[in-house]
Amino acid sequence: MIGAGICGLSTARRLGELCPDDDIVLVDAARVGDGASGQNAGFLFNMHTHGLVKRHDVLERNAKLWSAGLADLRRIVSEHQIQCDWSDWGRLYGSAGPDGERHVDFLAETLDALGLPYKRRDHEQMSADLGTDFYLRGLHVPGNAMVNPAAMVRGLARALPVNVSLFEDTPVVELNREGAGFRLKTPEGEIVADRIVVTAGVFMRRFGIARGRYVPLGLFAILTEPLSAKRRNQMKAGAEFGLLPTAANGATVRLTRDGRIFMRNISRYAPDGPPREALAQIMSLQLEQALAKRWPEFDDLKIAHRWGGAMAFTGNDGAIFGETAPGIFALLSNDVSPMTRGAAAGRLLAEHMEGIDSDLLAIQMDYPEASRLPPRPFLDLGVAWKLRKVRKAGAGEF
């Protein structure tokens, strides 16, 4: 297995349970938690959407997988006592300008159609929840969880079945067929395997899988130092919160259990993979400006961490799932709700490999294959146009 993010960890866990007499080797080019699964905002969604009203049948289908993935993660974290600041606080959606204001009503309409609970929050209530007057109104939606994602995936790695061997900092530099199986070369040695599973996210195309079927987008984030007791009193917010924008251009904001402010957004096309550290440093300045708009009283608050990462987006909400060539299986958890969708899809891929059917697997198998995208440079131009359009429409949200 190549790639120890949420998809790889979930697939390896289930394969280890289903095949107790098999030796399963899980390798990752970096450390567990250093990729997108450990560096995201930490939302584990049961359902998530923003923007215009979506097809409700598609959302209902997606929500079954997201809810199953959330249930799996809740159970594993509880059984293995993984310390990851698990919280059932829910999530806020907030609007800060005209674009967000329109989308609050779209989101409420979608939640009503799906029969999901929520509470409307006016400007005064949003200010009390978040300790800032930046947001005009919003919705509080229960049902999801929030975690420290790096702590959770590290804990999932420690809790793998005993027949799963994890090798970090072990990039696969060559993969060849050998007889009925495969030989993988790494800087430290070689692995001989009967089957290969590729769960390498945006790096999947390096193994010849899903080329031209997903768009790598870079996202950037900052995390402040812990707020002092004085600053927490100034903020006048609760012990924690998690906010998502109703419009695509807004920022994702969290107040963590240990009193840090997390902010993330600023999408950039990342055709060469995750952005370099120097670019993350530059882009973080825009996030600092967004932080200052919300809490100008914290003008001297230090930023403890700045980083960037990349996610894969398909053009049709399509999937990379199943056997892509004889003996080679692949899974890509795309765009919305990648953590819970990835957890469910990983379990289902293992069950699919072992011939175990279920209603949930039927839903996963019914996903369309990720559609082929235009070649570069046409893809580059199209992505740039789309991102400019989103930023222009939601200029006041960020």
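**Angles, cores and odd backbones**

Modeller: α2 and α8 are roughly perpendicular to each other. This is a predicted model, in which local features need pLDDT of at least 70, side-chain atom pairs count only at pLDDT 80 or more, and totals for chains, interfaces and linings use all residues. Residues are numbered from 1 along each chain as its sequence is written, and side-chain values use heavy atoms, leaving out hydrogens and water.

Colleague: Why are α2 and α8 called roughly perpendicular?

Modeller: They pack at about 85°, with their axes 7 Å apart. The axes are lines fitted to C-alpha atoms, for helices over the stretch in contact, and angles run from 0 to 180 degrees between N-to-C directions. Under 35 degrees is roughly parallel, over 145 roughly antiparallel, 65 to 115 roughly perpendicular and the rest oblique, so the pair fits the perpendicular class. The elements themselves are DSSP runs (helices H or I, at least four residues; strands E, at least two), numbered from the N terminus.

Colleague: What makes up the contact between α2 and α8?

Modeller: Contact means heavy atoms within 4.5 Å. α2 brings residues including Leu65, Trp66 and Leu73, and α8 brings residues including Met339, Ala343 and Leu348. The contact residues divide into nine nonpolar, three polar and three charged. Nonpolar covers Ala, Val, Leu, Ile, Met, Phe, Trp, Tyr, Cys and Pro; charged covers Asp, Glu, Lys and Arg; the others, Gly among them, are polar.

Colleague: Why does Ala71 count as it does for accessibility?

Modeller: Ala71, in helix α2, has 43% relative accessibility. Buried means under 20% relative accessible area, exposed over 50%, partly exposed in between (1.4 Å probe, protein chains only), so Ala71 is partly exposed. Its C-alpha is 9.5 Å from that of Ala343, though the two are 272 residues apart along the chain.

Colleague: And what makes you say α5 is mostly covered?

Modeller: Seven of its ten residues are buried, among them Met152, Val153 and Leu156. The buried residues of α5 pack against α1, β2 (43-44), α2, β7 (164-167) and α8.

Colleague: What makes a set of residues a nonpolar core?

Modeller: The members are buried Ala, Val, Leu, Ile, Met, Phe, Trp, Tyr and Cys residues, joined through side-chain atoms within 4.5 Å. The largest such core here has 47 residues, and Leu44, Trp86 and Met152 touch the most other members. Its biggest contributor is α8, with eight residues. Apart from it lies another core, of 28 residues, including Tyr135 and Phe220. Setting aside neighbours within four places in sequence, Trp86 contacts residues including Leu44, Leu70, Met152 and Arg257.

Colleague: How do you know that β13 and β14 pair?

Modeller: The rule is at least two bridges found by DSSP between the strands. β13 (241-245) and β14 (252-255) have three, in the antiparallel sense, so they qualify. One of the bridges links Gly242 to Arg254. They belong to an open sheet of eight strands, in the order β4-β5-β3-β13-β14-β15-β12-β16, with mixed pairing. β9 and β10 also run antiparallel, with five bridges, and a hairpin joins them through two residues.

Colleague: Why are β11 and β17 said to stand at the edges?

Modeller: Each has a single partner strand, so one side is left without a neighbour in the sheet. That open sheet has the order β11-β18-β17 and mixed pairing; β11 and β18 run parallel, joined by three bridges.

Colleague: What is odd about the backbone at Asp85 and Lys236?

Modeller: Most residues other than glycine have a negative phi, and most peptide bonds are trans. Asp85 has a positive phi of about 55°, and Lys236 has a positive phi of about 55° too. Asp85 sits in the loop between α2 and β3, and Lys236 in the loop between α6 and β13. At 39% relative accessible area Asp85 is partly exposed, while Lys236, at 65%, is exposed.

Colleague: Which peptide bond is cis?

Modeller: The one joining Arg376 and Pro377, where omega is about 5°. Pro377 lies in the loop between α9 and α10.
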